[in-house]
Amino acid sequence: MAEKRKFDKIMSYNGNSLVRCGNVLYLGDLNASHFAMMQIIASDKLQDLEVPQKVAVQIIANNPALPPKDKVIKRAMKDDLYSALNVAHVWLQQHLEQ
């Protein structure tokens with residue numbers, strides 16, 4: 001039986017928590033009014049590492065009263081993970097300040 005690993009530290013990016021589940025990354029507090037979701041659409045193999053080449057960025061409103069199609073506030077497609085993280089961080093800060 002496989003052991004579950006317990007992590008003592010959560011990754012963060014510019015002060016926001018960063019959680020990865022498969023090809024999806026979540027930036028920010030999932031209980032806050034908004035959070036960012038980044039989905040890795042395509043990746044290339046560089047030696048023995050998978051490097052993201054196309055990443056979809058979405059800012060999502062955490063409001064259960066909204067229908068699913070209205071929860072996505074902003075979206076963009078970026079060519080690398082670093083650009084996607086930067087855009088997600090800026091957009092997230094803008095929406096959390098409102």
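Asn 14 lies in the loop between strand 1 and strand 2. In this predicted model, phi of Asn 14 is near 50°, a positive value in a residue other than glycine. A positive phi also occurs at Gln 47, a residue other than glycine, where the angle is near 55°. Gln 47 is found in the loop between strand 4 and strand 5. With a relative accessibility of 75%, Gln 47 counts as exposed, because the threshold for that class is over 50%.

**Overall architecture**

The protein chain contains 2 helices and 6 strands. Read from the N terminus, the order of these elements is β-β-β-β-β-α-β-α. The C-alpha trace spans about 40 × 35 × 25 Å along its principal axes. Of the 98 residues in the chain, 30% are buried. Among contacts with a separation of 6 or more, 39% are between residues 24 or more positions apart.

The accessible surface of the protein chain amounts to about 7,200 Å², and carbon and sulfur atoms contribute 52% of that area. The chain carries 12 positive and 10 negative charges, and the mean positions of the two sets are 5 Å apart.

**Helix 2**

Helix 2 comprises the 17 residues 81–97. At 1.5 Å a residue it should span 24 Å, and its end C-alpha atoms are indeed 24 Å apart, so the expected and computed lengths agree. At the start of the helix, a side-chain oxygen of Asp 80 comes to within 3.4 Å of the backbone nitrogen of Tyr 82.

The buried positions of helix 2 are Ala 84, Leu 85, Val 87, Ala 88, His 89, Trp 91, Leu 92 and His 95. These buried residues pack against strand 1 (12–13), strand 2 (16–21), strand 3 (24–27), strand 4 (34–46), strand 5 (49–61) and strand 6 (72–78).

One of the buried residues is His 95, which lies in helix 2. His 95 has 10% relative accessibility and is classed as buried because that value is under 20%. Leaving aside neighbours within four places in sequence, His 95 is in contact with Ser 33, His 34, Ile 59, Ile 73 and Lys 74.

**Residues in strands 4 and 5**

Gln 58 is placed in strand 5. Its relative accessible area is 18%, so this residue is buried under the 20% limit. Not counting residues up to four places away in sequence, Gln 58 touches Phe 35, Ala 36, Met 37, Val 72, Lys 74 and Arg 75.

Ile 41 belongs to strand 4. With a relative accessible area of 47%, Ile 41 is partly exposed, because this value falls between the 20% and 50% limits. Ile 41 touches Lys 54, Val 55, Ala 56 and Met 77, again without counting residues up to four places away in sequence. The C-alpha atoms of Ile 41 and Gln 53 are separated by 7.7 Å, and the two residues are 12 residues apart along the chain.

**Summary of accessibility**

The table gathers the relative accessible areas of the residues discussed individually.

| Residue | Relative accessible area | Class |
|---|---|---|
| His 95 | 10% | buried |
| Gln 58 | 18% | buried |
| Ile 41 | 47% | partly exposed |
| Gln 47 | 75% | exposed |

Note on methods:
Residues are numbered from 1 along each chain as its sequence is written. This is a predicted model: local features need pLDDT of at least 70, side-chain atom pairs count only at pLDDT 80 or more; totals for chains, interfaces and linings use all residues. Side-chain values use heavy atoms; hydrogens and water are left out. Helices (H or I, at least four residues) and strands (E, at least two) are DSSP runs, numbered from the N terminus. The expected span of a helix is 1.5 Å times one less than its number of residues. Buried means under 20% relative accessible area, exposed over 50%, partly exposed in between (1.4 Å probe, protein chains only). Contact means heavy atoms within 4.5 Å. A polar contact is a pair of N or O atoms within 3.5 Å; within protein, one must be able to donate a hydrogen and the other to accept it, and residues adjacent in sequence count only if both atoms are side-chain atoms. Accessible areas come from the Shrake-Rupley method with a 1.4 Å probe; for residues, only the protein chains shown count as cover. Lys and Arg count as positive and Asp and Glu as negative; His and the chain ends are not counted. The place of a charge is taken as NZ of Lys, CZ of Arg, CG of Asp or CD of Glu.
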